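Dear colleague,

I am passing on the structure below, together with some notes on what was found in it. Please read them alongside the coordinates.

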Amino acid sequence: MPFPNSSDLSPSSFILASIPGLETAHFWMAIPLCSMYIMAVAGNCAVLLIVKTEPSLHVPMYFFLCMLAAIDLALSTSTVPRVLSFYWFNTREISFGACLVQMFFIHTLSAVESTVLLAMAVDRYVAICHPLRHAAILTNATTAKIGLAAMARGVLFFLPLPLLLLPLPFCSSRLLSHSFCLHQDVMNLACANTTPSMVYGLTAILLVMGLDALLICLSYLLILKAVFRLESWKERLKVFSTCIAHICVVLAFYVPLIGLSVVHRFGRDLAPVVHITMGNIYILVPAVLNPIIYGVRTKQIQRRILNLI
């Protein structure tokens, strides 16, 4: 089936990106993406089920892990099925409204995930630096309120992004850089002044992801300060090992996010395969890795997974 060009599309739609010269290989390229998506869904559903049924995991750290699993499920499900539809059925056109909705979910859920990662860092800080007050500070009610605040923060900061793009006129070329819709990508196709949208988008990212990253680093500086006060290296390693899983999850989220941002800001001349690959990594890799990381580091999760198998 031939791929459409801009002149074939309705005036209120965009073209999802494909890798030039590899259009005929899309069916086979979608197979690893589908496999990763199935792994992400299975792994995160397993985390939710295990934490729900294992009373020893009913503590704030694993409630936050459940939030993370739910966010990863929602984020990957809001994008990957549409990407697979494009690769397998050549549905390359996406309407303007669907594009804005998808953009809203991607950016909002990313902001919520960043906030939950910050909450998990605070949980580690309180557990290590103030262990006697941990149960009193981070109660189940407080954990639920943090989750609601994270969702509200993401919506409030990133709902304006699609609203700022809504009144803009768009040029005849509507070819996106990814197989899904991102704010920066859609904004670059507008035929009008996009300064307000650009400034707001950058400000929102700095005030949410940027601030969260700084506060996570600050939490770990305080944790390291407390750990090095301990007398023996064995005790230091034992205490700090409780943070390893969270550090890996933070890196799995922020490294693809930073890589995608760098590609958008400075990589306009890069090959399309770089943009598409970075976008897919950002959407899928954290969702696949998070359950694996906590499955390896948590004996209760390991035991329940082996029982399920």
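How much accessible surface does the protein chain have, and what share of it belongs to carbon and sulfur atoms? The accessible surface comes to about 15,000 Å² (Shrake-Rupley method, 1.4 Å probe, with only the protein chains shown counting as cover for residues), and 73% of it belongs to carbon and sulfur atoms.

Please bear in mind that this is a predicted model, in which local features need pLDDT of at least 70 and side-chain atom pairs count only at pLDDT 80 or more, while totals for chains, interfaces and linings use all residues. Residues are numbered from 1 along each chain as its sequence is written, and side-chain values use heavy atoms, with hydrogens and water left out.

A search of the whole structure finds one disulfide, a term that here means a pair of cysteine sulfur atoms within 2.5 Å. The bond joins C99 to C181, with 2.0 Å from S to S, and links distant parts of the chain, since C99 lies in helix α4 (residues 96–129) and C181 in the loop between α7 (160–165) and α8 (183–187), 82 residues apart. The link is left-handed, with -120 degrees about the S-S bond. Both ends count as buried (under 20% relative accessible area, 1.4 Å probe, protein chains only; exposed is over 50% and partly exposed in between), because C99 has 0% relative accessibility and C181 has 0% as well.

C34 is also buried, at 17%, but its sulfur is 15 Å from the closest cysteine sulfur, in C45, and therefore too far for a bond.

Best wishes

Note on methods: Helix = DSSP H or I, 4+ residues; strand = E, 2+ residues; numbered from the N terminus.
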